[in-house]
Amino acid sequence: MSYNIGFAIGALLGVLLGVGVLLGILIITTKNHTVKRDYDERQGLVRGKGYKYGFITMLIANMTLGYISLFFDKPIMDTCFSMFLSIGLGGLVNIHYCIWKEGYFSLNEKPKVFITIMLVLAVLQYISFAGSLKEGIIVDGMITYRATSLVVAVLLTFTLVDLLVKSISRKREDD
């Protein structure tokens with residue numbers, strides 16, 4: 001019983017710390033040091049479509065994960081990991097669409113600072129995943145929440161690669 005309470009308190013503190021770090025990153029990465037992002041109308045439309053495609057991807061991922069679970073006697077992944085996987089896939093589709101349609105960075109954002117922070121966070125997520133491997137990410141044949149850091153790391157890596165490829169593509173178009 002006391003372990004569950006400790007785990008819940010630790011998880012809550014982790015979420016609060018994560019929200020605080022996120023707010024700090026949002027403030028640091030804008031030119032006017034505010035959380036609010038300024039997008040023009042075209043970017044707003046692009047972001048809306050990106051959210052739509054990301055949402056549809058999450059629906060398909062959740063349906064797929066639900067149907068996959070019907071074919072096994074016991075779950076192959078815990079709920080936390082499957083939800084992170086679904087959110088990661090939806091986020092990846094949204095981010096990819098917004099990057100390629102020029103709706104990812106706001107008008108008041110500092111892209112180089114943001115990219116640097118994303119790179120640092122990706123490395124930290126891979127390090128976290130390596131630590132989770134020591135503890136074991138698979139328990140009783142089921143992928144556990146300990147593998148969620150890999151989902152986040154892969155999402156960040158794909159985003160960074162997308163930004164790099166888009167930057168190279170934009171430079172080639174300008175030449």
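Read along the sequence, the pattern of this protein is α-α-α-α-β-β-α. The model is a predicted one. The exercises below work through its layout, its salt bridges and its surface.

**Exercise 1. Describe the overall layout.**

Task: State how many helices and strands the protein has, and how far its C-alpha trace spans.

Solution.
- Step 1. Count the elements. There are five helices and two strands.
- Step 2. Take the extent. Along the principal axes, the C-alpha trace spans about 55 × 35 × 25 Å.
- Step 3. Look at burial. The protein has 175 residues, and 28% of them count as buried.
- Step 4. Look at contacts. Take those between residues at least 6 apart in sequence. Of these, 77% join residues at least 24 apart.

**Exercise 2. Place the salt bridge of arginine 37.**

Task: Find which parts of the chain arginine 37 and glutamate 109 tie together, and decide whether the two residues are buried or exposed.

Solution.
- Step 1. Check the pair. The side chains of arginine 37 and glutamate 109 form a salt bridge, at 3.3 Å from N to O.
- Step 2. Locate both ends. Arginine 37 sits in the loop between helix H1 (2-28) and helix H2 (41-70). Glutamate 109 sits in the loop between helix H3 (79-100) and helix H4 (111-135).
- Step 3. Draw the conclusion. The pair therefore ties together parts that are 72 residues apart in sequence.
- Step 4. Judge the burial. Arginine 37 and glutamate 109 are both buried.

**Exercise 3. Classify the ends of another salt bridge.**

Task: Decide whether lysine 36 is buried or exposed, and do the same for its partner, aspartate 38.

Solution.
- Step 1. Check the pair. The closest N and O atoms of lysine 36 and aspartate 38 are 3.5 Å apart, and the two residues form a salt bridge.
- Step 2. Apply the cut-off to lysine 36. Exposed means over 50% relative accessible area. Lysine 36 has 54%, so this residue is exposed.
- Step 3. Turn to aspartate 38. Its relative accessible area is 31%, so aspartate 38 is partly exposed.

**Exercise 4. Build a network.**

Task: Find which residues are joined with Arg170 through salt bridges that share partners.

Solution.
- Step 1. Start with one bridge. Arginine 170 pairs with glutamate 102, with the closest N and O atoms 3.7 Å apart.
- Step 2. Locate the two ends. Arginine 170 is in helix H5 (residues 148-174), and glutamate 102 is in the loop between H3 and H4. They are 68 residues apart, and the pair links distant parts of the chain.
- Step 3. Extend the set. Shared partners join Glu102, Lys166 and Arg170 into one network.
- Step 4. Check the exposure. Arginine 170 is partly exposed at 36% relative accessibility. Glutamate 102 is also partly exposed, at 34%.
- Step 5. Give the total. The structure holds five salt bridges.

**Exercise 5. Read the surface.**

Task: Find which residues form a nonpolar patch on the surface, and state what share of the exposed area carbon and sulfur atoms supply.

Solution.
- Step 1. Take the whole surface. The protein exposes about 11,600 Å², and carbon and sulfur atoms supply 72% of it.
- Step 2. List the patch. Its members are Met63, Tyr67, Ile68, Leu70, Phe71, Phe72 and Ile76. Together they have about 770 Å² of accessible area.
- Step 3. Examine one member. Phenylalanine 71 lies in the loop between H2 and H3. At 69% relative accessibility, phenylalanine 71 counts as exposed.
- Step 4. Add the charges. There are 17 positive and 13 negative side chains. The centres of the two sets lie 4 Å apart.

Notes:
Residues numbered from 1 in each chain as written. Predicted model: local features only at pLDDT ≥ 70, side-chain atom pairs only at ≥ 80, totals over all residues. Heavy atoms only, no water. Salt bridge = Lys/Arg side-chain N within 4 Å of Asp/Glu carboxyl O. Buried < 20%, exposed > 50% of the residue type's maximum accessible area, 1.4 Å probe, protein only. Helix = DSSP H or I, 4+ residues; strand = E, 2+ residues; numbered from the N terminus. Contact = heavy atoms within 4.5 Å. Areas by Shrake-Rupley, 256 points an atom, 1.4 Å probe, with all protein chains shown as cover. Lys, Arg positive; Asp, Glu negative; His and termini not counted. Charge placed at Lys NZ, Arg CZ, Asp CG, Glu CD. Patch = residues over 30% accessible without salt bridge, like charges linked within 9 Å, V, L, I, M, F, W, Y side chains within 5 Å.
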